[in-house]
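Here is a quick tour of a small set of features, meant for someone meeting this structure for the first time. Take a look at the sequence and the model, then read on.

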Amino acid sequence: MIIGFIRVELLIYDAQSLKEKRSVLKSIQTRLKQRFNVSVAETDHHDVWQRAELSLVTVSNDRAVCERELQKTLSLIDGDPKIERTVTDYEWL
């Protein structure tokens, strides 16, 4: 069993409040969970309104399958004009 984990730091340029930040993050998290076999959670920068960290996890018997699934999630994140991905850390367990 392979567990693929990525930690993604994001900048949310148009957010002027925590409420706007949560709205953007909720939208991204919902789309990721619906389209891909991943678990998603906001893991850092909870009280900063233009910055966020999401952690995404997927599990498979094959590392290539995990990598493909995580790359698809990153493509979805990169395709959203409301945010910019700044730092991405991978871990394999």
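## Contacts along the chain

Take the contacts in the chain between residues at least 6 apart in sequence: 71% of them join residues at least 24 apart. Keep in mind that this is a predicted model.

## Helices, strands and overall shape

What is the chain built from? You'll find 2 helices and 4 strands. Walk along the sequence and they turn up in the pattern β-α-β-β-α-β. The radius of gyration is 13 Å, close to the 12 Å that the globule rule gives for 93 residues, so the chain is as compact as a globular protein of that length.

If you'd rather think in boxes, the C-alpha atoms fill one of roughly 40 × 20 × 15 Å, taken along the principal axes.

## Inside and outside

Of the 93 residues in the chain, 38% are buried. As for the outside, the chain exposes about 5500 Å², and carbon and sulfur atoms supply 49% of that area.

Charges come next: there are 14 positive and 15 negative side chains. The centres of these two sets lie 6 Å apart.

## A closer look at H45

One residue to pick out is H45, which sits in the loop between β2 (39-44) and β3 (51-60). Its phi is positive, at about 60 degrees, although H45 is not a glycine.

Is H45 buried or exposed? With a relative accessible area of 14%, H45 counts as buried, because the cut-off for that is under 20%.

Technical notes
Residues are numbered from 1 along each chain as its sequence is written. This is a predicted model: local features need pLDDT of at least 70, side-chain atom pairs count only at pLDDT 80 or more; totals for chains, interfaces and linings use all residues. Side-chain values use heavy atoms; hydrogens and water are left out. The radius of gyration is taken over C-alpha atoms; the globule rule is 2.2 Å times the number of residues to the power 0.38. Buried means under 20% relative accessible area, exposed over 50%, partly exposed in between (1.4 Å probe, protein chains only). Contact means heavy atoms within 4.5 Å. Accessible areas come from the Shrake-Rupley method with a 1.4 Å probe; for residues, only the protein chains shown count as cover. Lys and Arg count as positive and Asp and Glu as negative; His and the chain ends are not counted. The place of a charge is taken as NZ of Lys, CZ of Arg, CG of Asp or CD of Glu.
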